[in-house]
Amino acid sequence: MTSATAETTAQLQYMQKGGPFKIVHVPKPTLAPGEVLIRQRVIAFNLVDVKQRDLGVLVPRWPHVLGIEGAGIIESVGSDVRDLQPGDEVAGVQGGGAHDVSWGGAFQERVAVPAPFVAKKPKNISLKEAASLPVGFITAVSAIVNSLKIPLPFLHGTSTEGQPPSSILVLGGSSATGAAAIQLLRKAYPSLPILATSSAKHHARLNDLGATSVVDYKSPSVVADIKATSPGAAGVDVIIDCVSAGASQTDISDVLDSARSKSYAAIITSVPVPVPEGVNKLDVSGWSIVDMQGGMQLIPSLTKLVEEGTYRVPLPVRVVGHGLEELPNVLDEVKSVSGEKVVVTL
Ligand SMILES: NC(=O)c1ccc[n+]([C@@H]2O[C@H](COP(=O)([O-])OP(=O)(O)OC[C@H]3O[C@@H](n4cnc5c(N)ncnc54)[C@H](OP(=O)(O)O)[C@@H]3O)[C@@H](O)[C@H]2O)c1
């Protein structure tokens, strides 16, 4: 480990794909005019982190500071930043593919992030809960508004072109993205049939977030079970696959109503999801908010959405460790999460 000074900050650097890693002290970032410097207090894990580490996904070069989501306290702001100031508690998207990561992602003591990728912590939730919000939210909005052209009119400034489906199925309802998608759709469409899959222990929670019915994806009759709960038992109009469920459940597209549009939006996970001919496959990336109408207001808007009760923390949050040193030992916990978000505190 290199030694710390007042002018330096600690990073967990992975030296090459798969490791090894070490904690390195580097000069504090020089902020671009539109950036803020966050003193990290919480790092939230995402399966993307493991794919970055093991497969090099979205890693421009090694050594690299991984991590895409976290929360902390603003230490300084660039000259163009107006709505945020030192001392503000914030959460944000801190890496991935949405913005420049020349100073690295979330796995460090201090991270520089463009201001539009940051939301002030809503007053009614903890900083740990706030850290769990932005990535799932933008990924769900990208799937619904950007890929499927289903408007969410309460997200002011986003496109209102397109129509709601007659029914929708969320595969992976207990994932961070799935739980976000269910509640966004329910808020916009009070009577839309929203079906979901998860293991049985999460059904009540997903009903509470707005799912009309939830089916156990481990059931041998999952396709028939979903169809049976769809309107008129005819199947659904649209699927959002948050967890590449279609890669193992290869007959899942049979739940699409043959008389309807048959769209299948799949969150990009690095696992290919084949769909049958005649199904309109849409690949979803959360980072597409940068090109979306109103996309740059989405993350900052989370503060008000949560404070007014329009959007809820989708999943319970569990602390699995403390400190940058601990982080590599506990990162693999994200591979086995079930209906929760795991975080490390700093
Ligand atoms: N491209 C992008 O922009 C982007 C952004 C964010 C995430 N991602 C990727 O998207 C995926 C989802 O991320 P996330 O953070 O939302 O997931 P997550 O919270 O880590 O997902 C965990 C959940 O997946 C559920 N699950 C696993 N297999 C399932 C299946 N066959 N059917 C139904 N549910 C299943 C589990 O359900 P039970 O506990 O109920 O069994 C568990 O609760 C990850 O692969 C991630 O890497 C991509």
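A residue counts as near the ligand if one of its heavy atoms lies within 4 Å of it. These exercises use a predicted model, where local features need pLDDT of at least 70, side-chain atom pairs count only at pLDDT 80 or more, and totals for chains, interfaces and linings use all residues. Numbering starts from 1 along each chain as its sequence is written, and side-chain values use heavy atoms, with hydrogens and water left out.

**Exercise 1. Find which residues come nearest to the ligand, and list polar contacts to its oxygen atoms.**

Step 1. There are 30 residues around the ligand, and Lys-51, Thr-177, Ser-199, Tyr-217 and Ser-338 come nearest.

Step 2. Now look for polar contacts (pairs of N or O atoms within 3.5 Å; within protein, one must be able to donate a hydrogen and the other to accept it, and residues adjacent in sequence count only if both atoms are side-chain atoms). The side chain of Ser-338 has an N or O atom 2.4 Å from a ligand oxygen. For Tyr-217, the corresponding distance is 2.5 Å. A polar side-chain atom of Ser-174 sits 2.8 Å from an oxygen of the ligand.

Step 3. On its own the ligand has 940 Å² of accessible area, and the protein covers 89% of that. Such areas come from the Shrake-Rupley method with a 1.4 Å probe; for residues, only the protein chains shown count as cover.

**Exercise 2. Describe the largest pocket and work out why it lies between two domains.**

Step 1. Get the terms straight. On a 1 Å grid over the protein atoms alone, a cavity is a set of points where a 1.4 Å probe fits but cannot get out, while a pocket is an open set with protein on both sides within 12 Å along at least five of seven lines; lining residues have an atom within 4 Å of a point. Points are joined across faces, edges and corners, and a volume is the space filled by probe spheres set on them.

Step 2. The largest pocket comes out at about 1,200 Å³. Its lining has 45 residues, and Leu-47, Lys-51, Ser-175, Cys-242 and Val-243 are the closest to its centre.

Step 3. Elements giving two or more lining residues are helices H1 (47-55), H3 (134-147), H4 (176-188) and H7 (245-248), plus strand E15 (341-345). Helices (H or I, at least four residues) and strands (E, at least two) are DSSP runs, numbered from the N terminus.

Step 4. Sort the lining by class: 21 nonpolar, 18 polar and six charged. Here Ala, Val, Leu, Ile, Met, Phe, Trp, Tyr, Cys and Pro are nonpolar, Asp, Glu, Lys and Arg are charged, and the others, Gly among them, are polar.

Step 5. Domain 1 (8-132 + 315-345) and domain 2 (136-287) both give residues to this lining, so the largest pocket lies between them. The domain bounds come from an automatic or database domain assignment.

**Exercise 3. Locate the largest cavity and classify its lining.**

Step 1. The structure holds four cavities of 30 Å³ or more; the largest has a volume of about 50 Å³.

Step 2. Its lining includes Ser-132, Phe-137, Ala-180, Tyr-311 and Lys-341, with H3 and H4 each supplying at least two residues.

Step 3. By class, that gives eight nonpolar, two polar and one charged. Domains 1 and 2 both contribute to the lining, so the largest cavity lies between them.

**Exercise 4. Pick out some unusual backbone geometry.**

Step 1. Most peptide bonds are trans, and most residues other than glycine have a negative phi.

Step 2. Gly-19 and Pro-20 are joined by a cis peptide bond, with omega about 5°; Pro-20 is in the loop between strands E1 (8-14) and E2 (21-27). Another cis bond links Trp-62 to Pro-63, with omega about -5°.

Step 3. Lys-149 isn't a glycine, yet its phi is positive, about 60°. Lys-149 sits in the loop between H3 and strand E8 (168-171).
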